[in-house]
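I set out to look up a few residues and strands in this model and to write down what I found. The entries below follow the order in which I looked.

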Amino acid sequence: MSGTVYLKLEKNVQIHSRIVSFKDIAQIVADDSALENKIRVLKLPPDTVQGPGRYPVSVMTLIELIQQEFPGIEVNNIGEADFILTLEKKKQPGGLYAWCKTALVALIAFFGAAFAIMTFNNDVDIPKLFAELYEQFTGRPSNGFTILEVTYSIGIGLGVLIFFNHFMGKKLTADPTPMEVEMRAYEDQVDTTVLEASRRAPKGEKK
């Protein structure tokens, strides 16, 4: 049998079952539509995914399976050479425990941010600076609650809102939020670490 097949894989592929078909993890294009359909339904070995977790896989595994099933086929990979299959645990309906965790995280974030802002204000002595500016421009001593303090407080709130680009479950713009960017960078680092660890592991320990 002859023909050419092109595979494209992402670095991290989300799967929903331990039984993994090629169509679930790769974009497949072949010069023969019948061949393409047959490759799409090929399955990875049953022990590739053993439960929820991350499983590093080499594209060589896919190429070997294709060539075993269809000898003489030319396989070209235009995606990742190594990739991760991620099977997540089934999410349980949120109950009281989930709400408590959410509330705890919200409180930690709120008071942590407030403490950071107060520490900054004390370091640069904002109250003294505002008092001196107010007296220079108005000629009257500041009572600690002037237009400067009011606009500064409002500005901090608006600045945080605009910076995080997220309010009440909605984005202000289509751009990703800083939190999404950081989470994506973190996930990419985790994927890279898992793949590097799998390359360094002895053959017998690889899944």
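**Entry 1: Asp-191**

I looked up Asp-191 and found it in helix α7. The model is a predicted one, and I read the values below as computed from it. Is Asp-191 buried or exposed? I noted a relative accessible area of 3% for Asp-191, and because buried means under 20%, Asp-191 counts as buried.

Next I asked which residues Asp-191 touches, leaving aside its neighbours within four places in sequence. I listed Lys-11, Asn-12, Arg-54 and Ile-84. With Asn-12 there is a polar contact, side chain to side chain, at 2.9 Å. With Arg-54 there is a salt bridge, and I read 2.8 Å between the closest N and O atoms. Since Asp-191 lies in helix α7 and Arg-54 in strand β4, this pair ties together parts that are 137 residues apart in sequence. I also checked the cover on Arg-54: at 38% relative accessibility, Arg-54 counts as partly exposed.

**Entry 2: salt bridges**

I then asked how many salt bridges the model holds. The count comes to two. Opposite charges on side chains can pair when the charged atoms come close. Besides the pair of Asp-191 and Arg-54, I found Lys-11 with Asp-188, where the closest N and O atoms are 3.4 Å apart. Lys-11 lies in the loop between β1 and β2 and Asp-188 in helix α7, so this pair ties together parts that are 177 residues apart in sequence. I noted Lys-11 as partly exposed, at 22% relative accessibility. I noted Asp-188 as partly exposed too, at 30%.

**Entry 3: strand β6 and its partners**

Ile-84 was on the contact list of Asp-191, so I turned to β6, which covers residues 82-87. I found five of its six residues buried, and I wrote the strand down as mostly covered.

Which strands pair with β6, and in what sense? Strand β2, residues 12-15, pairs with β6 in the parallel sense over four bridges. Strand β4, residues 53-58, pairs with β6 in the antiparallel sense over six bridges. I followed Ile-84 on both sides. Asn-12 stands opposite Ile-84, and Ile-84 is also the bridge partner of Pro-56. Asn-12 is the residue that I had noted for its polar contact with Asp-191.

**Entry 4: strand β1 and its partners**

I did the corresponding check for β1, residues 3-8. β1 pairs with β5, residues 73-77, in the parallel sense over five bridges. One place I marked is Val-5, which stands opposite Val-75 in β5. β1 also pairs with β3, residues 27-30, in the antiparallel sense over four bridges. There I marked Leu-7, whose bridge partner in β3 is Ile-28.

**Entry 5: the end of α4 and the loop after it**

I looked up Val-124 and found it in helix α4. Val-124 is partly exposed, with a relative accessible area of 41%. How far is Val-124 from Glu-88 in sequence and in space? I read 36 residues in sequence and 47 Å in space, C-alpha to C-alpha.

I then looked at Asp-125, in the loop between α4 (96-124) and α5 (126-138). Asp-125 is not a glycine, yet I read a positive phi of about 55° for it. Its relative accessible area is 35%, and I noted Asp-125 as partly exposed.

**Entry 6: a nonpolar patch**

Last, I looked for nonpolar surface. I found a patch of about 610 Å², made by Val-160, Phe-163, Phe-164, Met-179, Met-183 and Tyr-186. Which elements give two or more residues to the patch? I wrote down α6 (147-164) and α7 (178-200). I picked Val-160 for a closer look and found it in helix α6. Val-160 has a relative accessible area of 40% and is partly exposed. Patch residues need over 30% relative accessible area, and Val-160 at 40% meets that.

Helix α7 came up in more than one entry: I had it for Asp-191, for Asp-188 and for the patch.

Definitions and conventions. Residues numbered from 1 in each chain as written. Predicted model: local features only at pLDDT ≥ 70, side-chain atom pairs only at ≥ 80, totals over all residues. Heavy atoms only, no water. Patch = residues over 30% accessible without salt bridge, like charges linked within 9 Å, V, L, I, M, F, W, Y side chains within 5 Å. Areas by Shrake-Rupley, 256 points an atom, 1.4 Å probe, with all protein chains shown as cover. Salt bridge = Lys/Arg side-chain N within 4 Å of Asp/Glu carboxyl O. Buried < 20%, exposed > 50% of the residue type's maximum accessible area, 1.4 Å probe, protein only. Polar contact = N/O pair within 3.5 Å; in protein donor to acceptor, adjacent residues only side chain to side chain. Contact = heavy atoms within 4.5 Å. Pairing = 2+ DSSP bridges.
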